[in-house]
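This report describes one protein chain, with attention to its charged side chains. Please look at the sequence and the structure first, then read on.

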Amino acid sequence: MSRIIFHCDIDCFFAAVEIRDNIEYRNKPVIIGADPKEGKGRGVVSTCSYEAREFGLHSAMPISKAYRLCPNGIYLKPNFNKYQKASKEVIQILRSYSPKIQQVSIDEAYLDMTEICSSFEEAKQLAKRIQEVIFNNVGITISIGCASSKSIAKIASDYNKPNGITIVKDEERTEFLKDMDITRIPGIGKKSKLYYSKKGINTIGDIIRLSRYQMIEKFGKNGEWVWNVANGLDMREVKEFHDERKSISKERTFYEDTNNFKEIISKLEEINNKIHNKLEKKEIFYRTVTLKIRFEGFQTYTRSRSFSNYIRNRNKALRIIIELMREFRSKNKKVRLVGVRISNLKTKLNNAQTNMLNYIQI
């Protein structure tokens, strides 16, 4: 018997929570993101309701463009505490249906239902039950894709939104996928699509028609992975990761593009302090500091520096950030955004390491 994998994806999550809590927002274009400032705002759209999408809005769109397309929309700043609470409630419900769960983001998770359901027909009935329980208890809708692999289940969950259930049996997989654009495969974006298109690959059907050897010959290891996905051979397991998070990052967009070095450094210091407050609260150490800088025209650069040992020292991190920043002082362009990422994290150091760090004056 085939595996039965669910991919559960909350519909327009942030916007859905706001609409749930504000009945007057129903059937209206709701946009969660930065303040649009009547079309002069900075930042981007986090998510938006389906009514807003009818105006052409989508996640990651510049908020200024969103406002031009939909000036009468309801624009709200994110309330992450509220969204985290709703996410935990949904995951708790999902966890009650299968011990094999993998949460991959705040609004999506995989469930392995192989040992729970004896058939795809039974899986469909259970998916309906899950939707009902989540709506009745959390007040939001969720779309569920079901297939024998994680990647096809993810494609399926996006096929019939919102509040949809899409079952893709193995014998129906080729028919389901063949006419889809290759960007429906997780990991293939707009840039990758251009590369594939140059070699005659535009639909998932184009991939299926080639042999594994031909895909490897054309695209290397990535071609093999894509071929496996298209042919239902993604055998990754649904498993909960207990590893520590890989990085902590924050970024800020300036209200106006600036070349004022003091203003830029002040913003970086503010970001660095906020990150270190979180690091200290959670007792996290790190080895790598990364600067992100975006100029007018959206040219973006990152620069990193790693330490030989794990540290947690905001002053040393800031000095490294400033050193990395100096490379860009000679650029004759104003800065739009800056960010800091702390990575190579570790939550537990032995006592000797911790005591040593307490005495090091950096």
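Accessible areas come from the Shrake-Rupley method with a 1.4 Å probe, and for residues only the protein chains shown count as cover. By this method the chain has an accessible surface of about 20,000 Å². Carbon and sulfur atoms account for 46% of that surface.

The model is predicted, so local features need pLDDT of at least 70 and side-chain atom pairs count only at pLDDT 80 or more, while totals for chains, interfaces and linings use all residues. Residues are numbered from 1 along each chain as its sequence is written, and side-chain values use heavy atoms, with hydrogens and water left out.

**The chain as a whole**

The chain contains 13 helices and 12 strands. Here helices (H or I, at least four residues) and strands (E, at least two) are DSSP runs, numbered from the N terminus. The C-alpha trace spans about 65 × 55 × 50 Å along its principal axes.

Of the 362 residues, 44% count as buried. A residue is called buried under 20% relative accessible area, exposed over 50%, and partly exposed in between (1.4 Å probe, protein chains only). A contact means heavy atoms within 4.5 Å. Among the contacts with a separation of 6 or more, 63% are between residues 24 or more positions apart.

For charges, Lys and Arg count as positive and Asp and Glu as negative, while His and the chain ends are not counted. The place of a charge is taken as NZ of Lys, CZ of Arg, CG of Asp or CD of Glu. On this basis the chain has 65 positive and 43 negative charges, and their mean positions are 7 Å apart.

**Salt bridges**

A salt bridge is a side-chain nitrogen of Lys or Arg within 4 Å of a carboxyl oxygen of Asp or Glu. How many salt bridges does this rule give? The count comes to 24. Three of them are listed here.

| Pair | Closest N to O |
|---|---|
| Lys37 and Asp35 | 3.9 Å |
| Arg209 and Asp206 | 2.5 Å |
| Glu251 and Lys292 | 3.0 Å |

In the pair of Glu251 and Lys292, the salt bridge has an N to O distance of 3.0 Å. This pair links distant parts of the chain, with Glu251 in strand E9 (residues 247-258) and Lys292 in strand E10 (residues 286-295), 41 residues apart. Glu251 is partly exposed at a relative accessible area of 37%, and Lys292 is partly exposed at 22%. Elsewhere, Glu18, Arg20, Asp21 and Lys82 are joined into one network by salt bridges that share partners.

The other two pairs in the table can be described by their exposure. Lys37 has a relative accessible area of 36% and is partly exposed. Asp35 is also partly exposed, at 36%. Arg209 counts as exposed at 62% relative accessibility, whereas Asp206 counts as buried at 17%.

**Lys150 in helix H6**

Lys150 belongs to helix H6, which covers residues 150-157. This helix is mostly covered, with 7 of its 8 residues buried. Lys150, Ile152 and Ala156 are among them.

Lys150 is buried but has no salt bridge. Which side chain of opposite charge is nearest to Lys150? That side chain is Asp234, 6.7 Å away. The side chain of Lys150 does reach the backbone oxygen of Glu237, at 3.2 Å. This is a polar contact, defined as a pair of N or O atoms within 3.5 Å; within protein, one must be able to donate a hydrogen and the other to accept it, and residues adjacent in sequence count only if both atoms are side-chain atoms. Leaving aside residues up to four places away in sequence, Lys150 touches residues including Ile5, Gln102, Tyr110 and Val238.

**Two residues in loops**

Arg42 sits in the loop between strand E2 (30-33) and strand E3 (45-48). Is Arg42 buried or exposed? Arg42 is buried, with a relative accessible area of 16%. A polar atom of the Arg42 side chain lies 2.7 Å from the backbone oxygen of Phe254. Beyond residues up to four places away in sequence, Arg42 touches Ile63, Tyr255 and Arg336, among others.

Glu327 lies in the loop between helix H12 (314-326) and strand E12 (335-343). Its relative accessible area is 43%, so Glu327 is partly exposed. Glu327 and Arg303 are 24 residues apart along the chain, and their C-alpha atoms are separated by 9.4 Å. The side chains of Glu327 and Arg303 are joined by a polar contact of 3.0 Å.
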